[in-house]
Amino acid sequence: LSRPDVESVWVELRSNQPTFIPVLICCSYRPPSQSSAEALRYCEHLEDCLNSVNIAKYVFLLTGDYHAKHSSWYRGDTTSAAGKQLHHLFTSFGLHQLVNFPTHTSPTGTPSCCRGSIACLRTRH
């Protein structure tokens with residue numbers, strides 16, 4: 001699940017206990033300096049990874065610093081191109097944003113947007 005142009009770590013937690021539900025965690029980083037084309041490739045890579053594993057059999061956590069904004073994640077945000085792409089990706093896999101408050105502050109210390117530490121969770125069905 002790794003590619004040299006995308007920073008991400010995938011961890012699978014398993015147990016021999018019959019009642020244990022496997023857990024899959026992905027922590028990923030998207031640099032803020034990416035162009036629109038690079039952001040699209042980043043989303044395509046995440047989509048390829050999600051398609052290659054059966055996330056329905058896991059408790060799944062996708063977290064990281066995406067440097068993207070979407071107004072549905074935080075009311076005070078204006079949707080960025082990367083935010084639109086990631087929101088579409090999250091929605092298509094049934095993932096839900098858990099962070100709905102600012103994760104970034106302006107130089108004066110005022111909360112300004114929710115663009116980092118975005119987490120999505122899907123429980124096993």
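Here is a short walk through a predicted model, from one of its helices to a buried arginine and on to a salt bridge.

Let us begin with helix α2, which runs over residues 81–92. Its 12 residues reach 17 Å from the first C-alpha to the last, close to the 16 Å expected at 1.5 Å a residue. If you look along this helix for its buried residues, you will find Ala82, Gly83, Leu86, Leu89 and Phe90. They lie on the same side of α2, because they cover an arc of only 130° around the axis. Turn to the face pointing away from that buried side, and you meet the exposed residues Lys84, His88 and Thr91. Just after α2 comes Gly94, whose phi is positive, at about 70°.

One of the buried residues of α2, Ala82, leads us to our next stop, since Arg30 touches it. Arg30 sits in the loop between β2 (23–29) and α1 (36–52). Is this arginine buried, or is it exposed? Arg30 is buried, and yet it has no salt bridge. For a salt bridge, a side-chain nitrogen of Lys or Arg has to be within 4 Å of a carboxyl oxygen of Asp or Glu. The nearest side chain of opposite charge to Arg30 is that of Glu38, and it is 7.1 Å away. What the side chain of Arg30 does have is a polar atom 2.8 Å from the backbone oxygen of Tyr66. Tyr66 is also among the residues that Arg30 touches, leaving aside those up to four places away in sequence. The others in that set are Ala39, Tyr42, Asp65, His67, Ala68 and Ala82.

Asp65, one of those contacts of Arg30, brings us to strand β3, which spans residues 59–65. Thr63 has its place in this strand. With a relative accessible area of 23%, Thr63 is partly exposed. Its C-alpha atom is separated by 4.9 Å from that of Cys27, although the two residues are 36 residues apart along the chain.

Our last stop is a charged pair. How many salt bridges does the model have by the 4 Å rule? The count comes to one. Its partners are Arg14 and Glu12, with their closest N and O atoms 3.4 Å apart. Arg14 counts as exposed, because its relative accessibility is 65%. Glu12, at 34%, counts as partly exposed. So here are two arginines to look at in turn: Arg14, exposed and paired with Glu12, and Arg30, buried without a salt bridge.

How values were computed:
Residues numbered from 1 in each chain as written. Predicted model: local features only at pLDDT ≥ 70, side-chain atom pairs only at ≥ 80, totals over all residues. Heavy atoms only, no water. Buried < 20%, exposed > 50% of the residue type's maximum accessible area, 1.4 Å probe, protein only. Helix = DSSP H or I, 4+ residues; strand = E, 2+ residues; numbered from the N terminus. Expected span 1.5 Å × (residues − 1). Arc of directions from axis to C-beta. Lys, Arg positive; Asp, Glu negative; His and termini not counted. Polar contact = N/O pair within 3.5 Å; in protein donor to acceptor, adjacent residues only side chain to side chain. Contact = heavy atoms within 4.5 Å.
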